[in-house]
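Open your viewer and get ready to click along. We will go from stop to stop, selecting a few residues each time and looking at what sits there.

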Amino acid sequence: MTTAAFFVLTALADQPRHGYGILREVDELSEGAVQLRVGTLYGVLDRLTADGLIVLDREEVHDGRLRRYYRLTDEGTGALDAEAERMAAGASAAKQRIAEGRKAPGTAANPTTGPGLAGGLA
């Protein structure tokens, strides 16, 4: 699952949203790290719809413009949950390795003692 797809599904996890609402939510959820352009967003929405992860919830006219609201399907909720679990497991493994690396001799965080810069013994 792409980062864009993950954040679009996350944006739709609590309620249906229209395109601009999804863009705002993705920006907020990712703390600005993922900034989708409109064309990219609708490409992601088309793919997620084709995959059965989201559906068109409703259409409304607002200020003379049509807004399409999308919502997650049960399959979309399951896919998002599975991806979130996969990402959490990866983050946990990374944190464990970092902690182990800090304890291991010869790492930047825990250098071994040995000759000084000049090559002699201190």
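Start by selecting I54: its bridge partner in β3 is L72. Keep in mind as you look around that this is a predicted model. I54 belongs to strand β2, which covers residues 54-62, and β3 covers residues 65-72. Now select V61 as well, and you will find that its bridge partner in β3 is L66. How many bridges join β2 to β3? There are 8, and the two strands run antiparallel.

Next, go to the hairpin of β2 and β3, where 2 residues lie between the strands. Click on D63 here: this residue takes a positive phi near 55 degrees.

Now look for another partner of β3. Select β1, which is residues 17-18. Which residue of β3 stands opposite R17? It is Y70. Select H18 too, and opposite it in β3 you will see Y69. In total, 2 bridges join β1 to β3, and this pair also runs antiparallel.

Show β1, β2 and β3 together. These 3 strands form an open sheet in the order β1-β3-β2, with antiparallel pairing. Which strands are at the edges? They are β1 and β2, since each of them pairs on one side only.

Time for the helices. Select α2, residues 19-29. Are G19, G21, I22, L23, E25 and V26 buried or exposed? They are buried. To see what covers these residues, switch on α1, β1, α3 and β3, which are among the covering elements. Before leaving, step just past the end of α2 to E31, which takes a positive phi of about 55 degrees.

Keep α2 on screen and add α3, residues 38-50. A short reminder helps here: two packed helices are described by the angle between their axes and the distance between the axes. For α2 and α3, the angle is about 100 degrees and the axes are 11 Å apart. The two helices are therefore roughly perpendicular to each other. Zoom in on where they meet: α2 brings G19, I22 and L23, while α3 brings V38, L41, Y42 and L45. Colour this contact by class and you get 6 nonpolar residues, 1 polar and no charged.

For the last stop, select α1 (residues 3-11) and α4 (residues 74-103). Their axes come within 10 Å and cross at roughly 120 degrees. So α1 and α4 are oblique to each other. Turn the view and follow how α1 passes α4: the crossing is left-handed. Which residues make the contact? On α1, select F6, L9 and T10; on α4, select G76, L80, E83, A84 and M87. Colour by class once again, and this contact shows 5 nonpolar, 2 polar and 1 charged residues.

Notes
Residues are numbered from 1 along each chain as its sequence is written. This is a predicted model: local features need pLDDT of at least 70, side-chain atom pairs count only at pLDDT 80 or more; totals for chains, interfaces and linings use all residues. Side-chain values use heavy atoms; hydrogens and water are left out. Axes are lines fitted to C-alpha atoms, for helices over the stretch in contact, and angles run from 0 to 180 degrees between N-to-C directions. Helices (H or I, at least four residues) and strands (E, at least two) are DSSP runs, numbered from the N terminus. Angles under 35 degrees count as roughly parallel, over 145 as roughly antiparallel, 65 to 115 as roughly perpendicular and the rest as oblique. A crossing is left-handed if the near helix is turned anticlockwise from the far one by less than a right angle, and right-handed if clockwise. Contact means heavy atoms within 4.5 Å. Ala, Val, Leu, Ile, Met, Phe, Trp, Tyr, Cys and Pro count as nonpolar, Asp, Glu, Lys and Arg as charged, and the others, Gly among them, as polar. Buried means under 20% relative accessible area, exposed over 50%, partly exposed in between (1.4 Å probe, protein chains only). Two strands pair if DSSP finds at least two bridges between them.
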